[in-house]
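This report covers a strand pairing and a ligand site in the structure below. Please keep the sequence at hand while reading.

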Amino acid sequence: MHPEIDRFAHLDSWLHRLDPRWKLAAALVLVIAITLDRPSIRTDPRASRDLSAAAACLALSVGLLLGSSIPVGYALRKLAPAAGFLLLMVVFFPLVYESDTIRIGFLRISLTGLLVAAVILIKALAILLLVVVALGTTRFDRTMKALHRLRVPEPLVQIAMFAYRYLFVVFDQNRRMRQAMRARGFRPRTGLRSLRALSRGVGSLVVGSLERTRRIRDAMVARGYRGEYPSLAVFRTTPADVAALAGAVILSTVLLLWRFL
Amino acid sequence: MTEAALAARDIEFTFSDGRQAIRGVSLEIARGEPAGLIGPNGAGKTTLIHVLAGLLKPQRGTVEVFGEPIGVDGDAGARRRIGLVFQQTEDQLFSPTVFDDVAFGPLNYGFPRGEVHERVRDALRRVGLEQAEDRVPHHLSSGERRRAAIATVLSFDPEILILDEPTSDLDPRGRRDLARLLGSMSQARFVAAHDLELILLTCRRVLLIDEGKIRADGPAAEIIGDHRLLEAHGLEAPFGLRGLGARALEDLIARERSDG
Ligand SMILES: Nc1ncnc2c1ncn2[C@@H]1O[C@H](COP(=O)(O)OP(=O)(O)OP(=O)(O)O)[C@@H](O)[C@H]1O
Ligand SMILES: [Mg+2]
């Protein structure tokens with residue numbers, strides 16, 4: 001169990017209790033629906049509907065977050081980098097859209113662009129939050145096993161599992177290498193000499209990873225590995241799981257039909 | 001005649017960079033026999049072990065496990081009878097959790113699923129790690145990782161246990177526990193170690209390897225008590241055993257065993 005990634009996976013909420021296979025399926029249905037629900041901004045009377053639909057999606061995600069008993073602060077911290085990036089992407093929309101412009105000082109701001117930016121931002125946050133809740137309420141290794149049962153291709157699942165196991169090893173190694181360089185008088189400065197030392201360091205990290213890959217393969221082969229990662233995970237479907245997926249399907253349908261109402 | 005548990009004949013192994021690590025090694029380990037492998041750094045212990053376990057393919061020579069040739073990457077048949085604990089444990093534990101790692105062997109080798117839980121618990125208990133099931137291997141201390149690595153092979157009950165430098169990161173208690181565990185087993189054991197005390201306590205027979213060749217093969221007390229031999233191959237008996245000959249060592253072992 002990973003102390004950071006799986007930090008709140010041990011809590012006990014109805015979301016934690018769901019079978020991860022059903023939970024992932026339900027989350028996937030919602031994410032697809034939110035993505036498919038295209039804003040119809042250009043036909044203006046429906047603009048307010050787009051905004052309310054997006055807001056409803058975000059409200060759903062927030063509701064699920066509250067229901068999961070994952071601390072809100074933790075979720076916000078996970079979201080912050082992605083949110084910052086998104087904001088950078090949409091901040092120019094009001095400036096480049098041409099319709100419905102108003103003047104604020106020397107800026108020409110498009111209300112349509114503003115609306116599109118808001119809708120995209122809100123929906124993206126809703127999706128990210130949904131993912132945080134879905135992944136945060138199950139131990140990562142169990143999520144992987146569930147994906148495997150859902151017939152996600154074996155290589156993808158194995159890559160994710162090894163990433164989970166080795167990401168932090170590589171971070172640590174990188175930190176240790178920098179410490180070792182510093183302990184022997186290396187001061188990172190801009191300049192050709194430090195650049196060369198650093199690139200050599202990176203080189204040895206890469207070679208180290210290749211060596212490591214070979215050693216891991218040896219260790220796996222020595223214990224009978226033949227291409228498939230075996231698992232003992234037991235999954236049990238309960239009525240709550242079926243209800244959760246059904247709920248997700250119903251909400252998705254409502255969202256997608258909303259524009260025709 | 002019953003065949004040996006492990007038999008190697010005329011093994012030669014050269015790495016791809018041209019360095020020859022094994023130069024004509026032949027050896028046999030009998031069923032149930034505990035044997036030690038000693039030799040200085042770079043002598044070829046790890047390389048030999050990897051050849052024996054079928055992870056490296058020798059350019060010459062053959063390895064047989066209970067009379068069956070071991071193929072590299074091939075059939076799991078001969079391989080499942082060998083449990084190998086690597087010198088570097090960091091990469092022996094590759095699973096998301098300790099439990100998964102200890103279950104990896106038994107599941108690959110097709111033990112009944114219902115039995116696997118029990119086997120994992122039992123293996124972890126034998127190495128004193130029953131609390132660690134759910135932990136990420138990366139966050140174990142190196143001694144805990146060593147214990148977990150040993151559990152990963154105990155769990156499928158191999159008929160030959162090969163350990164490469166198993167005590168290098170164990171504390172004195174852990175080392176003693178391991179010696180006791182090894183002593184209590186009936187499988188063939190092949191232990192490579194710089195820890196001559198461990199070898200003395202757990203192995204009746206010792207092979208000395210240097211520069212890729214077996215330089216001596218005989219009763220543990222005789223070889224470890226032969227200070228000139230050890231010195232000639234860059235080895236040293238630990239402080240407490242220095243100056244003790246074969247007889248004195250035998251007595252010491254007998255006393256230690258009856259205490260332990
Ligand atoms: N992948 C490799 N490529 C080239 N040479 C190697 C490789 N691995 C080991 N060697 C060399 O082969 C020789 C035997 O190495 P080996 O690891 O078997 O020694 P060892 O007896 O296990 O040493 P130690 O006591 O340090 O563990 C050494 O000279 C080593 O430098
Ligand atoms: Mg070695």
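## Pairing of β1 and β2

Phe13(B) has Ile22(B) of β2(B) as its bridge partner. Ile11(B) is likewise bridged to β2(B), with Val25(B) as partner. Strands here are DSSP runs of E of at least two residues, numbered from the N terminus, and two strands pair if DSSP finds at least two bridges between them. Between β1(B) and β2(B) there are seven bridges, in the antiparallel sense. The two strands form a hairpin with five residues between them, and Gly18(B) in the turn has a positive phi of about 95°.

The model is predicted: local features need pLDDT of at least 70, side-chain atom pairs count only at pLDDT 80 or more, and totals for chains, interfaces and linings use all residues. Residues are numbered from 1 along each chain as its sequence is written, chains are lettered from A and ligands numbered from 1 in the order in which they are written, and side-chain values use heavy atoms, with hydrogens and water left out.

## The sheet

Strands of a sheet pair through backbone hydrogen bonds, either parallel or antiparallel. In chain B, four strands form an open sheet in the order β2-β1-β4-β5, with antiparallel pairing. Its edge strands, each paired on one side only, are β2 (20-29) and β5 (68-69).

Strand β1 (residues 6-14) of chain B also pairs with strand β4 (residues 60-65) of chain B, antiparallel and over five bridges. Across this pairing, Leu6(B) stands opposite Val65(B), and Arg9(B) stands opposite Thr62(B).

## The ligand site

Ligand 1 occupies the largest pocket. A pocket is an open set of points on a 1 Å grid over the protein atoms alone, where a 1.4 Å probe fits and protein lies on both sides within 12 Å along at least five of seven lines; a molecule sits in it if more than half of its atoms lie within 2 Å of its grid points.

The shell (residues with a heavy atom within 4 Å) has four nonpolar, seven polar and three charged residues, with Gly counted as polar. Helix α1 (residues 45-52) of chain B gives the largest share, three residues; helices are DSSP runs of H or I of at least four residues.

Polar contacts are pairs of N or O atoms within 3.5 Å. Oxygen atoms of ligand 1 lie 2.7 Å from a polar side-chain atom of Lys45(B), 2.9 Å from one of Asn41(B) and 2.8 Å from one of His194(B). Taken alone, ligand 1 exposes 640 Å², of which the protein buries 70% (Shrake-Rupley method, 1.4 Å probe).

Terms used
Polar contact = N/O pair within 3.5 Å; in protein donor to acceptor, adjacent residues only side chain to side chain. 1 Å grid on protein atoms, 1.4 Å probe; cavity = no way out; pocket = protein on both sides within 12 Å on 5 of 7 lines; lining within 4 Å.
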